[in-house]
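Visitor: I am new to this structure and would be grateful for guidance on how to read it. May we begin once it is in view?

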Amino acid sequence: MILSWFRKDKKSENKKEGCNTKQKVARFNEEGAKRILQKIKEEFGLDYERQMSITIKKLERFAIKNEIFTFEELFEAIKASSRLKSELINLLTVGETYFYRELEQIEILCGEVLSGRCSRILSAPCSSGEEVYSILLYLDEKGYISPSLHITGIDINSDALRQAEIGCYSKRSISQLPQKIVQKSFTPKDSRFCIDTKLKSYTSFTYANIFDPRFEEIGRFDAVLSRNMMIYFNDEQKRRAIEQLSSVMHTGSLLFLGHADISFTPKGFKKLQKGRTSYYQKQ
Ligand SMILES: C[S@@+](CC[C@H](N)C(=O)[O-])C[C@H]1O[C@@H](n2cnc3c(N)ncnc32)[C@H](O)[C@@H]1O
């Protein structure tokens, strides 16, 4: 089924080159888009079945911007260029995140850190870093951050990772934070708010796909936060994702998932409950 036709007017360019006016015709079809999305699903777990038409529109716009006029051509171009693939993943994975999201979990985790049971934490995925810095802001408020604490953030969206490294946020993004924390730990800069460099020194941000067969090489962690990513995965992918996370945890490590992420207790984990908040411990 042909989805859309697009004529890119090359008249002016061709005039400059001194050749006859030729028009490039774009021809996008649903099958071609599905083939690209299937590849993305296999590699990253992302399932766009429920937002198919809007995702296909995004693919079309992305292709045209890159002077590509069929999905077959786009498929080959993504295969050949890791830069192009990364740009497409960035476009498809713009995820909402904000400071102090699901704060009860952050409080429980920080309790573990303060009692000395947790010093290596993984935020998978971290998006633009708000989750990682929320832990540090909370601990800073409590008055002590151990020098041995380290929080690693991973994601497949390289734009988000860059923003996490820079650590500057919009007013909207910090709106959940108490004003005294904003005043203490952020410096206003060009209408953004930049986090204290001392807090940044406890973090590192790196590109990693949770489904990468070499995922476990990123190290071992006392606690893993994996919140609001699995909503994009089907049940089989959720189970695979949890196996991958389990491979970077030791017995006793804690796992915090978003409240809508899974509807089953992950295999090899015990469910813990504090008030209305649940989390898991690796057995
Ligand atoms: C909604 S954000 C969640 C950020 C944060 N954990 C939170 O709860 O606010 C979802 C993130 O998952 C990332 N993501 C999706 N699939 C991934 C994968 N296979 N490996 C690593 N990150 C992935 C996306 O790039 C996006 O930044």
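Guide: Please bear in mind that this is a predicted model. The ligand lies between domain 1 (2–92) and domain 2 (103–282), because both domains give residues to the shell around the ligand.

Visitor: How many residues surround the ligand, and which are the closest?

Guide: The ligand is surrounded by 23 residues, and the closest are T93, G95, T97, P125 and N228. By character, the shell around the ligand comprises 9 nonpolar, 9 polar and 5 charged residues.

Visitor: I should now like to turn to the helices. What describes two packed helices?

Guide: One gives the angle between their axes and the distance between the axes. In this model, helix α2 (residues 30–44) packs with helix α3 (residues 52–65) at an angle of about 90°, and their axes are 10 Å apart. Angles of 65 to 115 degrees count as roughly perpendicular, so α2 is roughly perpendicular to α3.

Visitor: Which residues make this contact of α2 and α3?

Guide: From α2 come E30, A33, I36 and L37, and from α3 come T55, I56 and L59. These residues of the contact divide into 5 nonpolar, 1 polar and 1 charged.

Visitor: At what angle do helix α6 and helix α7 cross?

Guide: The axes of α6 (residues 103–114) and α7 (residues 130–142) cross at roughly 60° and come within 10 Å. That angle makes α6 oblique to α7, and the crossing is right-handed. Helix α6 contributes I106, L109, C110, V113 and L114 to the contact, while α7 contributes S134, I135, Y138, L139 and K142. The residues of this contact are 8 nonpolar, 1 polar and 1 charged.

Terms used:
Residues are numbered from 1 along each chain as its sequence is written. This is a predicted model: local features need pLDDT of at least 70, side-chain atom pairs count only at pLDDT 80 or more; totals for chains, interfaces and linings use all residues. A residue is near a molecule or strand if its C-beta atom, placed from the backbone, lies within 6 Å of it. Ala, Val, Leu, Ile, Met, Phe, Trp, Tyr, Cys and Pro count as nonpolar, Asp, Glu, Lys and Arg as charged, and the others, Gly among them, as polar. Domain bounds come from an automatic or database domain assignment. Axes are lines fitted to C-alpha atoms, for helices over the stretch in contact, and angles run from 0 to 180 degrees between N-to-C directions. Helices (H or I, at least four residues) and strands (E, at least two) are DSSP runs, numbered from the N terminus. Angles under 35 degrees count as roughly parallel, over 145 as roughly antiparallel, 65 to 115 as roughly perpendicular and the rest as oblique. A crossing is left-handed if the near helix is turned anticlockwise from the far one by less than a right angle, and right-handed if clockwise. Two residues are in contact if their C-beta atoms, placed from the backbone, lie within 7 Å.
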